[in-house]
Amino acid sequence: MSVPKQKPGGSRRSGVKPPAPHAGRAGKGGKPTGKNGKATSPGKRGTAGGPRAPKASVSAAASTSLPEGPFRLGVIPGAMPGKWIDTWNERMPHNRLELVPIPVAAQFEALDAGDVDAALVRLPIDGADLHVIALYDEVPVVVMPAESHLTAADELEPADLAGEVLIVPADDVLGFRAPGAQKPRFGAPATTEDAVAIVASGVGIVVVPMSLARLHHRKDTEYRPLRDAPISTVALAWPAGRDDPLADVFVGIVRGRTANSSR
């Protein structure tokens with residue numbers, strides 16, 4: 001069992017910008033002149049010394065030129081889209097974003113059937129008809145009873161799990177099996193949440209991505225990072241064969257494009 005410390009881990013242009021006013025050259029009497037050399041009248045748009053036209057709101061221009069929506073974003077358990085949703089709400093006030101929870105087992109079906117317009121998914125996913133952008137990797141952690149001897153370590157290795165009852169829920173996303181770990185004498189729980197509840201009762205351990213450990217955390221459980229175990233990659237996926245302007249906007253947000261940047 002290793003004990004070194006580890007830090008916890010894991011649009012196109014929306015409007016046309018008015019051309020800059022033409023300053024021109026000074027004519028007789030010091031009056032500004034236009035391209036044809038004639039004096040221009042102060043106060044008109046596009047003249048030197050005149051007031052500039054008010055700048056249109058980029059967000060308003062973008063959102064009103066797009067479908068009303070809603071834009072349906074599928075989200076698998078543990079995914080963290082908060083920062084992108086905040087940007088969407090600031091940039092697209094007239095286009096509602098609707099979060100649609102989807103289980104990992106049905107993430108491809110939700111996209112294929114059109115139940116969602118795009119989704120935060122866990123890889124691997126059948127990407128034959130999908131665009132996929134990997135977003136971030138999650139480290140695996142061991143969830144254990146709060147009184148377990150495994151809590152003495154800051155991080156664990158697979159060998160440390162020998163003799164432990166390793167619970168693998170039906171919605172497991174890692175496929176991890178620890179050498180020397182014992183199989184439970186009961187059937188696989190249906191969900192990770194159910195598995196964590198069993199662990200909280202003092203029976204066994206479960207290995208999950210860190211976000212799921214945080215999502216289902218309980219006072220009577222602890223978790224520790226697990227080295228040399230599979231990571232879980234969260235990605236953004238959307239159908240390749242559909243023309244969806246709202247999906248294009250969200251992809252741009254995820255990729256870090258500004259409101260004024262083109263695709």
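Is Asp 228 buried or exposed? I looked this up first and found Asp 228 exposed, with a relative accessible area of 66%, where exposed stands for over 50% relative accessible area, buried for under 20%, and partly exposed for what lies in between (1.4 Å probe, protein chains only).

**Ground rules**

I note that this is a predicted model, in which local features need pLDDT of at least 70 and side-chain atom pairs count only at pLDDT 80 or more, whereas totals for chains, interfaces and linings use all residues. I number residues from 1 along each chain as its sequence is written, and side-chain values use heavy atoms, with hydrogens and water left out.

**Overall layout**

I read six helices and eight strands in the protein chain, taking helices (H or I, at least four residues) and strands (E, at least two) as DSSP runs numbered from the N terminus. Along the sequence I wrote down the pattern α-β-α-β-α-β-β-β-α-β-α-β-β-α. Of the 263 residues in the protein chain, 41% are buried. The chain exposes about 14600 Å², of which carbon and sulfur atoms supply 52%; accessible areas here come from the Shrake-Rupley method with a 1.4 Å probe, and for residues only the protein chains shown count as cover.

**Nonpolar core**

I next looked up the largest nonpolar core, which has 37 residues, and the members that touch the most other members are Phe 71, Leu 73, Trp 88, Leu 111, Leu 236 and Phe 250. A core of this kind is a set of buried Ala, Val, Leu, Ile, Met, Phe, Trp, Tyr and Cys residues joined through side-chain atoms within 4.5 Å. At least two residues of this core come from each of strand S1 (71–75), helix H2 (82–91), strand S2 (97–101), H3, strand S3 (118–122), strand S4 (130–138), strand S8 (232–239) and helix H6 (245–254). Which element gives the most to this core? I found that H6 does, with seven residues. In soluble globular proteins, nonpolar side chains tend to be buried together.

I followed Leu 73 further: it lies in strand S1 and counts as buried at 0% relative accessibility. Leu 73 and Phe 250 are 177 residues apart in sequence, yet their C-alpha atoms are 9.3 Å apart in space. I made a similar entry for Trp 84, which is placed in helix H2 and counts as buried at 9% relative accessibility. The C-alpha atoms of Trp 84 and Val 251 are separated by 9.7 Å, although the two residues stand 167 residues apart along the chain.

**Salt bridges**

How many salt bridges does a search of the whole structure find? I recorded seven, each being a side-chain nitrogen of Lys or Arg within 4 Å of a carboxyl oxygen of Asp or Glu.

Asp 117 forms one with Arg 72, and the closest N and O atoms are 2.8 Å apart. This pair links distant parts of the chain, since Asp 117 sits in the loop between H3 and S3 and Arg 72 in strand S1, 45 residues apart. I noted Asp 117 as buried, with a relative accessible area of 13%, and Arg 72 as partly exposed at 25% relative accessibility.

Arg 122 pairs with Glu 138 in a salt bridge whose closest N and O atoms are 2.9 Å apart. Arg 122 lies in strand S3 and Glu 138 in strand S4, so this pair ties together parts that are 16 residues apart in sequence. I found both Arg 122 and Glu 138 buried.

Arg 224 forms a salt bridge with Glu 222, with 3.6 Å between the closest N and O atoms. Arg 224 counts as buried at 17% relative accessibility, whereas Glu 222 is partly exposed, with a relative accessible area of 31%. I also entered one network, in which salt bridges that share partners join Glu 155, Glu 157 and Arg 227.

**Backbone entries**

I checked the peptide bond from Leu 123 to Pro 124 and found it cis, with omega near 5 degrees; Pro 124 is placed in the loop between S3 and S4. Returning to Asp 228, I noted a phi near 55 degrees, a positive value in a residue other than glycine. Asp 228 lies in the loop between strand S7 (221–225) and S8.
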